[in-house]
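The following exercises practise the reading of a protein model, each with a worked solution. Please study the sequence and the structure before attempting them.

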Amino acid sequence: MKKTVANRWIAILIVAVVSGDWLSKLWITNRLELDHSMEVVEGWFYFVHRQNPGVAFSMFSQLSDAWRSPLLSLLTLVGIFAFARIVASTTDHISQVAGAIVIAGAVGNLGDRIVSGAVTDFLLIPFFPYVFNVADVAITLGAIVLAFRLRSETDPAPPAGATSAAV
């Protein structure tokens with residue numbers, strides 16, 4: 001029973017993040033024409049409507065359409081499956097949530113890619129040279145949290161009675 005409740009919350013989290021991603025992309029698509037921008041916080045934060053046929057940092061955007069969409073969709077599905085295995089195999093709730101957020105971001109961008117052949121990006125912070133979206137934020141934050149959690153699980157415990165040496 002307890003696992004069923006946890007799985008339900010993971011599913012709700014995934015649906016919420018995917019919904020937020022898709023609704024934000026729908027909003028920006030209806031609000032701004034492609035390649036137009038809107039200043040949100042002067043000098044710090046902008047909405048910029050872009051379409052990215054590739055993945056992070058426009059990697060693979062130079063591939064032909066015939067190869068790019070199927071290849072990126074397949075890689076995304078492999079990633080979703082891998083993170084689903086992590087979520088299902090761990091009892092650490094933080095790792096489960098982090099993995100679920102990565103899955104949600106991947107599903108959000110996959111849906112966008114299937115519908116339009118590209119991913120809608122619209123968030124711009126001037127000190128970061130790339131435009132991104134809610135799904136990208138979810139993938140990045142989830143992966144960072146998951147990496148820290150997995151690293152902390154594999155750190156060897158210090159021997160009993162050991163003290164740390166000052167360097």
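**Exercise 1. Determine how Lys25 and Asp21 meet, and where the two residues lie.**

Solution. Step 1: the side chains of Lys25 and Asp21 form a salt bridge, with 2.8 Å from N to O. The term denotes a side-chain nitrogen of Lys or Arg within 4 Å of a carboxyl oxygen of Asp or Glu. In general, side chains of opposite charge can pair when their charged atoms come close.

Step 2: both Lys25 and Asp21 belong to helix H1, four residues apart, about one turn of the helix. Helices (H or I, at least four residues) and strands (E, at least two) are DSSP runs, numbered from the N terminus. An α-helix has 3.6 residues a turn, so residues three or four places apart point the same way.

Step 3: Lys25 has 3% relative accessibility and counts as buried, and Asp21, at 1%, also counts as buried. Buried means under 20% relative accessible area, exposed over 50%, and partly exposed in between (1.4 Å probe, protein chains only).

Before continuing, note the conventions. Residues are numbered from 1 along each chain as its sequence is written, and side-chain values use heavy atoms, leaving out hydrogens and water. The model is predicted: local features need pLDDT of at least 70, side-chain atom pairs count only at pLDDT 80 or more, and totals for chains, interfaces and linings use all residues.

**Exercise 2. Extend the search: which network of salt bridges includes Lys25, and how many salt bridges does the whole structure hold?**

Solution. Step 1: Asp112 also forms a salt bridge with Lys25, the closest N and O atoms being 3.5 Å apart. Asp112 lies in helix H3 and Lys25 in helix H1, so this pair ties together parts that are 87 residues apart in sequence. Asp112 and Lys25 are both buried.

Step 2: Asp21, Lys25 and Asp112 are therefore linked in a network of salt bridges, each bridge obeying the cut-off stated above.

Step 3: a search of the whole structure gives four salt bridges. One of them joins Asp92 to Arg149, with the closest N and O atoms 2.7 Å apart. This pair links distant parts of the chain: Asp92 is in the loop between H2 and H3, and Arg149 is in helix H4 (residues 134-154), 57 residues apart. Asp92 counts as buried at 15% relative accessibility, whereas Arg149, at 28%, counts as partly exposed.

**Exercise 3. Describe the sheet and the place of Phe47 in its pairing.**

Solution. Step 1: three strands form an open sheet in the order S1-S2-S3, with antiparallel pairing. Two strands pair if DSSP finds at least two bridges between them. Strand S1 (37-41) and strand S3 (119-124) are the edge strands, each pairing on one side only. From one strand to the next, the twist averages 25 degrees.

Step 2: strand S2 (residues 45-52) is joined to S3 by five bridges, and the two run antiparallel. Phe47 stands opposite Leu123 in S3.

Step 3: helix H3 (residues 93-116) lies across S2 and S3 and runs at about 125 degrees to S3. Axes are lines fitted to C-alpha atoms, for helices over the stretch in contact (heavy atoms within 4.5 Å). Angles run from 0 to 180 degrees between N-to-C directions.

**Exercise 4. Classify the aromatic pair of Trp27 and Phe47.**

Solution. Step 1: state the rule. Rings of Phe, Tyr and Trp (its six-membered ring) pair if their centres lie within 6.5 Å; planes under 30 degrees apart count as stacked, over 60 as edge-to-face and the rest as tilted. By this rule there are five aromatic pairs.

Step 2: the rings of Trp27 and Phe47 are 5.4 Å apart, centre to centre, with 70 degrees between the planes, and the pair is edge-to-face. Trp27 in helix H1 (residues 2-31) and Phe47 in strand S2 are 20 residues apart, and the pair links distant parts of the chain.

Step 3: Trp27 is partly exposed, with a relative accessible area of 40%, whereas Phe47 counts as buried at 16%. Trp27, Phe45, Phe47 and Phe122 form one aromatic cluster.
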